[in-house]
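Here's a quick tour of one strand and its neighbours, followed by a stop at the surface. Have the model open while you read.

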Amino acid sequence: MIEKKRLNICKLSTIIPEASQAVVKKKLYSLRQLTIESEKIADEISHIIAKLRETKATTVFPTVAANKTFLENTFKKSGDVTFSQFVTLSGIKVLIVYIDGLVNKEILGRDVINSFITKSQNLPPNTLLNPKTLKGLLASVSVQEVKIMSAIIDDVLNGNAAMFVDGVAAALLIESKGWEKRAVAEPDTESVIRGPREGFIENIRTNTSLLRRKIKNPNLVFENLSIGKQTKTSIAIAYIDGVVNRAVLDEVRKRLNKINTDSILETGYIEQFVEDSPFSILATVANTQKPDILAAKILEGRVAIFCDGTPHVLTVPHLFIETLQTAEDYYMRPLMASAWRIIRFLALFTSIFLPGLYVALQTYHQEMIPTILLLRMAGSSSDIPFPAGAEMFIMLVFYEYLRESGIRLPRAVGSAISIVGALIVGESAVNAGLVSAPVVIVIAATGVTGFIVPALSEAIMIYRFLFLTAGTVMGLYGIVCGIIIVVMHAVSLRSCGVSYTSPLAPSDHGVLTDFILRFPLWAMRKRPKAIEKDNLQRRG
């Protein structure tokens, strides 16, 4: 009998410790982080180079006349750009440039012009004028010395005033913003029964202050930048240092720096540039108008994007479960909050699947309908000239017409048009024999349940028609196939690198205390692992 030779094969890691799996994983992670940092540095360098190429290095002229001529040519002698020129009693020639409507003229007259004229009389004869001396003649606190014309022009366009003095080759930028703005009020689209009623407005500094009032933490950081070659819109990135997911933050910076466009007029512009899947029905970037909602999301490790001129603030990453949660869920008792979440889940499924299920059952699967109900449905639809699928499609289209008209019309008229139009169209269609009464009931139930989940209103409308088509063509088999496709698509989505369907896929049992059921706040100890990798504990 031949003896089998045993080969003593040992692991490579016992001979070479550096080849162990743990060490290799650690080095691969370090290499990945180094690659991310290198890409970030390369993007910053390219951004700086682009800015330097665009910057006009024209410096301030030493005479008031030359500065006025240059700025008049730059602003194309626009009617709203004001050039206020005067000479003090001591013979100092002064030019103040500002945009009418963007500055507070009371501050400009009291703290700048009157103060300068009064204090300049006390200057000793033959005093050498310089920026430091000029600052002492102003009562305004926020004064900055600038020598580059491009920076002065940008500041004037942002609502500040620029002061030029004859013989001084520098300008003083004076903080004097004072344009009209809307008062802080409750947003119409995010009304609550219990909770804060204040909302963001169109002024970015007011919005950042509202968030700062909620989070009184020195680690709350606002990074300011300007986007848009023509509009130069002020943008702010907000996050909490030590809580934010650094990978998400770096990705947001990278995508914002890559935006190359003429104008940014609303956060919807930014959303289309930074979202992961622009052709997806489901949005991967969230938005809100309420400071308390934004504060709660930032405290979980998300990043917020403010935009001047709009009350809507973007947040990333965005998860599907957020669309079924409201701020009031955390202000009420856990049992009631969980009950309302279950109702929202049921409303979502009802609004999407009910029309398709009705058509599928009536057309292909009559045996699944109770006999009495089937007889009534057959009696009501016996005189209808359209098949069930066409009948449902027509009523859905008319429903969308009424809903859109109610939104676009003035509020007082829009609500009346929606209600009266629905009653008249529905009753008239049934009486005329164009549609059956069960179809009207299905459409009504579909519309009402759709209002319960406003964050998904656009997606619900599209999915409703898709599942209606699937149910009309293939019955329940088509609806099941559609569900599989939608679930596969949702699982494949990412929001700044974070899975859209978290905490279900991938699963995170630690945060299921705030999923369909909402546990007491003292039981919600951890932040979502998909969003925050390092600082998971909510306490301490």
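## A strand and its partners

V94 has V165 in β4 as its bridge partner. Keep in mind that this is a predicted model. V94's pairing belongs to a wider contact: strand β2 (residues 93-99) and β4 run antiparallel, joined by four bridges. β4 also pairs with strand β5 (residues 171-174), again in the antiparallel sense and over four bridges. Here F164 sits opposite A171 of β5.

The two pairings of β4, set out together:

| Partner of β4 | Sense | Bridges | Example pair |
|---|---|---|---|
| β2 (residues 93-99) | antiparallel | four | V94 with V165 |
| β5 (residues 171-174) | antiparallel | four | F164 with A171 |

β4 and β5 make a hairpin with five residues between the strands, and in it G167 adopts a positive phi near 95°.

So how many of the residues of strand β4 (residues 161-165) are buried? Five of the five, so the strand is largely enclosed by the rest of the structure. Look at which way the residues point: A161, M163 and V165 go one way from β4, while A162 and F164 go the other, and all are buried.

## Out on the surface

Now for a nonpolar patch on the surface: F386, F393, I394, F398, Y401 and L434 form it, with about 570 Å² of accessible area together. One of its members, L434, lies in the loop between α14 (411-431) and α15 (437-451). Is L434 exposed or partly exposed? Its relative accessibility is 42%, so L434 counts as partly exposed.

Conventions: Residues are numbered from 1 along each chain as its sequence is written. This is a predicted model: local features need pLDDT of at least 70, side-chain atom pairs count only at pLDDT 80 or more; totals for chains, interfaces and linings use all residues. Side-chain values use heavy atoms; hydrogens and water are left out. Patches are made of residues with over 30% relative accessible area and no salt bridge: like charges are joined within 9 Å, nonpolar side chains (Val, Leu, Ile, Met, Phe, Trp, Tyr) within 5 Å. Accessible areas come from the Shrake-Rupley method with a 1.4 Å probe; for residues, only the protein chains shown count as cover. A salt bridge is a side-chain nitrogen of Lys or Arg within 4 Å of a carboxyl oxygen of Asp or Glu. Helices (H or I, at least four residues) and strands (E, at least two) are DSSP runs, numbered from the N terminus. Buried means under 20% relative accessible area, exposed over 50%, partly exposed in between (1.4 Å probe, protein chains only). Two strands pair if DSSP finds at least two bridges between them.
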